[in-house]
Amino acid sequence: KATLQPVFGNTYRIAYTDGGSGIGCNFGTALTRSQQQEDGGNIEGACNTRFAAFQELMELIPDSTDIELEWEDANNQNALLLISFSAVDHFLVGDFEMCAAMLEMQLELDPEDHLDASKRLAYTYVALGEYELFDEVINDISDKYADKELLALWCEFRRNGTIPDGEFRRFKRSFAAYYKEFISDRHPIDEAYLKDIASERPSRETLARELWLETEHLWTLFPGFIEALKDKQ
């Protein structure tokens with residue numbers, strides 16, 4: 001059984017008692033199992049495994065106490081990765097309410113945001129129309145990420161139906177590869193892309209395509225933005 005143990009600096013670690021089995025015994029086991037299911041083509045099973053593990057983690061974390069997990073602990077990292085992956089599962093199927101709740105919990109457990117939950121949460125807030133919450137979280141995203149400029153453009157479009165000139169010029173100038181990818185009509189997942197994205201240093205063009213693929217469903221669920229971005233040329 002998983003338990004919480006206090007460590008230094010008012011942080012906690014997840015520990016396991018002997019004799020248990022199954023997901024509840026080890027969140028690392030759940031991660032491995034879900035990856036095996038995904039590799040075997042059982043996507044639904046992988047998602048269910050991750051969500052079941054997340055539910056067990058929720059039972060472990062007390063509602064009445066602020067809990068921060070020590071990042072350097074391997075068990076804690078497995079738990080935080082499970083939240084992150086399960087949040088992505090919900091994000092991709094358009095369950096933005098659950099995705100937001102998961103990511104908010106992840107940030108409470110890991111305030112330093114080692115897994116960049118803030119970026120995904122910002123997309124989720126825009127999808128939900130939670131613009132005040134978006135305004136709070138966008139400041140936590142580094143200017144080095146193309147996501148920040150893209151999010152500023154999309155949020156303004158969702159709010160007011162326009163593409164702001166200043167943000168548009170900054171996106172086009174500072175993230176040219178991303179701009180080119182997002183106004184393109186083709187985004188092939190070809191051999192060159194797969195080889196480069198698996199390398200240690202993918203090109204900006206490959207990273208731009210990765211971001212497109214990660215967000216493509218948003219532009220289908222909320223049409224008009226990509227067309228407006230193209231027309232802004």
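The following exercises, with worked solutions, treat one helix and several salt bridges of a predicted model.

Residues are numbered from 1 along each chain as its sequence is written, and side-chain values use heavy atoms, with hydrogens and water left out. In this predicted model, local features need pLDDT of at least 70 and side-chain atom pairs count only at pLDDT 80 or more, while totals for chains, interfaces and linings use all residues.

**Exercise 1. Determine what span helix α5 should have, and compare it with the distance between its end C-alpha atoms.**

Step 1. Helices are DSSP runs of H or I with at least four residues, and they are numbered from the N terminus. Helix α5 comprises the twelve residues 117-128.

Step 2. The expected span is 1.5 Å times one less than the number of residues. For α5 this gives 16 Å.

Step 3. The end C-alpha atoms of α5 are 16 Å apart, which agrees with the expectation. Just after the helix, Gly129 takes a positive phi of about 75°.

**Exercise 2. Establish how many residues of α5 are buried, and what covers them.**

Step 1. A residue is buried under 20% relative accessible area, exposed over 50%, and partly exposed in between (1.4 Å probe, protein chains only).

Step 2. By this criterion ten of the twelve residues of α5 are buried; among them are Lys119, Leu121, Tyr123 and Val126.

Step 3. The cover over these buried residues includes α3 (74-92), α4 (96-109), α6 (131-137), α7 (146-160) and α11 (204-221).

**Exercise 3. Identify the salt-bridge partner of Lys119, and state whether each of the two residues is buried or exposed.**

Step 1. A salt bridge is a side-chain nitrogen of Lys or Arg within 4 Å of a carboxyl oxygen of Asp or Glu. Lys119 meets Asp147 in such a bridge, at 3.8 Å from N to O.

Step 2. The pair links distant parts of the chain, since Lys119 lies in helix α5 and Asp147 in helix α7, 28 residues apart.

Step 3. Lys119 is buried at 18% relative accessible area, and Asp147 is buried at 9%.

**Exercise 4. Describe the salt bridge between Arg50 and Glu38 and the network that holds both residues.**

Step 1. The closest N and O atoms of Arg50 and Glu38 are 3.0 Å apart.

Step 2. Arg50 belongs to helix α2 (residues 43-60) and Glu38 to helix α1 (residues 27-39), so the pair ties together parts twelve residues apart in sequence.

Step 3. Arg50 is buried, with a relative accessible area of 5%, whereas Glu38 is partly exposed at 32%.

Step 4. Glu38, Arg50 and Asp89 are linked in a network of salt bridges.

Note on methods:
Helix = DSSP H or I, 4+ residues; strand = E, 2+ residues; numbered from the N terminus. Contact = heavy atoms within 4.5 Å.
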